[in-house]
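Colleague: I'm new to looking at protein structures and would like some help reading one. Could we go through it together?

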Amino acid sequence: MRRYGKHSDEDDVRVRPSRHGSRPRTHRRPAHEDAAEGFVLTVDRGRITCLVGEVTVTAMKARELGRKAVVVGDRVAVVGDLSGKRDTLARIVRVEERTSVLRRTADDDDPFERVVVANADQLAVVTALADPEPRPRLIDRCLVAAYDAGLQPLLILTKADLAPAGPLLETYAPLGVRYVVTSAERFEDAESVEPVLELLADRITAFVGHSGVGKTTLVNALVPERQRATGHVNAVTGRGRHTTVSALALPLPDSAGWVIDTPGVRSFGLHHVDPSRVIGAFPDLEPGAANCPRACSHDEPDCALDAWVAEGHADPARLYSLRRLLATRERTAGD
């Protein structure tokens, strides 16, 4: 049945008001030009802890970011309640361009990349000399990831009171990787970690290593006011227990830099790594690769690097080290 007559006037038509108001919808988003700059300290179940100025603020991603991930080390634009008071929540409306991205995959055949840390300058690979035993192939994988991300690698050998460092250091000598040797017994005061602090000064350093190597113990010594839980090594399996469950950025004393403690890893997949980017970390070998066949793996009969080394342009040990690192991209049991 018609509610209005055949010749109804417009004034007779009832218009139901919109509950969303009369302002037309638009896809234009605010620029948030007045947003504050923040530094992501940790991410936990959708809640993102940022340092905004001198205040620690809890925030969440704004809807306009979509599926874009926010990770530790990101520099972000933050709006909303920036007081840092309990039960307040700000919004992250923009993730600034990253200077570096450290990625890994669960396995070498897993195409899904996980961003571990953003904007780091250095990757500290922490490994114990004993209890648990060193895992050179895992170290190699971390070095490949560092070279691929453009990070300077640093080798930190712990528990030197249990085993000598010489044999392991000899393996990595051709790479020219900076290193420091420590033991838990030396972490008694600020002076005991001074050699490590010197290598971290004015840098953002991500710490990686498998469980039980003393990574978090070292971080606690470097930043004593922020103690994180530590675990022990299982006497039967020789493996450590995961005690760090999320990455956390911590400021070094006297604003000398940042350390990012990451959860212990048992694998470091390299599905995302392009061999052509890894060779960029070998400036003495890179020019010789110009004559390699297209898509050369640098470990095949036609590789031009063999002739380059034979002509005396680089040390054969360097080529061996490069090929050893690239070979870690192939899955091997017992990594």
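**Starting with a helix**

Modeller: Happily! Let's begin with helix α7, where Arg318, Leu319, Ser321, Leu322, Arg323, Arg324, Leu325 and Leu326 are buried. Keep in mind as we go that this is a predicted model.

Colleague: How should I read positions along a helix?

Modeller: An α-helix has 3.6 residues a turn, so residues three or four places apart point the same way. In α7, Leu319 and Leu322 are both on the buried list, and so are Leu322 and Leu326.

Colleague: Which elements cover the buried residues of α7?

Modeller: The cover includes α1 (136–149), α2 (166–172), α5 (275–278) and α6 (305–310).

Colleague: Why does the length of α7 agree with what a helix should span?

Modeller: Each residue adds 1.5 Å, and α7 has 12 residues (316–327), so a span of 16 Å is expected; the C-alpha atoms at its ends lie 17 Å apart, which agrees.

Colleague: And which residue caps the N-terminal end of α7?

Modeller: That is Asp315, with a side-chain oxygen 2.9 Å from the backbone nitrogen of Ala317.

Colleague: Now for a loop. Is Lys85 buried or exposed?

Modeller: The cut-off for exposed is over 50% relative accessible area. Lys85 has 59% relative accessibility, so Lys85 counts as exposed. You will find Lys85 in the loop between β4 (75–80) and β5 (90–95). Try comparing sequence with space here too: Lys85 and Thr58 are 27 residues apart in the chain, while their C-alpha atoms are 8.9 Å apart.

Colleague: What does the whole chain look like in numbers?

Modeller: The protein chain has seven helices and 13 strands. Of its 335 residues, 44% are buried. Among contacts between residues at least 6 apart in sequence, 64% join residues at least 24 apart. The accessible surface is about 19200 Å², with 48% of that belonging to carbon and sulfur atoms.

Colleague: Let's turn to empty space. Which residues lie nearest the centre of the largest pocket?

Modeller: Val71, Arg104, Arg114, Val115 and Val116 do, out of 21 lining residues. The volume of this pocket is about 530 Å³. Strand β7 (residues 114–118) gives the largest share of the lining, three residues.

Colleague: How much space lies in the largest cavity?

Modeller: About 40 Å³. Its lining consists of Val125, Val126, Thr127, Arg135, Leu138, Ile139, Cys142, Gly209 and His210. Both β8 (122–128) and α1 supply at least two residues each to that lining. You have met α1 already, as part of the cover over the buried residues of α7.

Notes
Residues are numbered from 1 along each chain as its sequence is written. This is a predicted model: local features need pLDDT of at least 70, side-chain atom pairs count only at pLDDT 80 or more; totals for chains, interfaces and linings use all residues. Side-chain values use heavy atoms; hydrogens and water are left out. Helices (H or I, at least four residues) and strands (E, at least two) are DSSP runs, numbered from the N terminus. Buried means under 20% relative accessible area, exposed over 50%, partly exposed in between (1.4 Å probe, protein chains only). Contact means heavy atoms within 4.5 Å. Accessible areas come from the Shrake-Rupley method with a 1.4 Å probe; for residues, only the protein chains shown count as cover. The expected span of a helix is 1.5 Å times one less than its number of residues. A polar contact is a pair of N or O atoms within 3.5 Å; within protein, one must be able to donate a hydrogen and the other to accept it, and residues adjacent in sequence count only if both atoms are side-chain atoms. On a 1 Å grid over the protein atoms alone, a cavity is a set of points where a 1.4 Å probe fits but cannot get out, and a pocket is an open set with protein on both sides within 12 Å along at least five of seven lines; lining residues have an atom within 4 Å of a point. Grid points are joined across faces, edges and corners, and a volume is the space filled by probe spheres set on the points.
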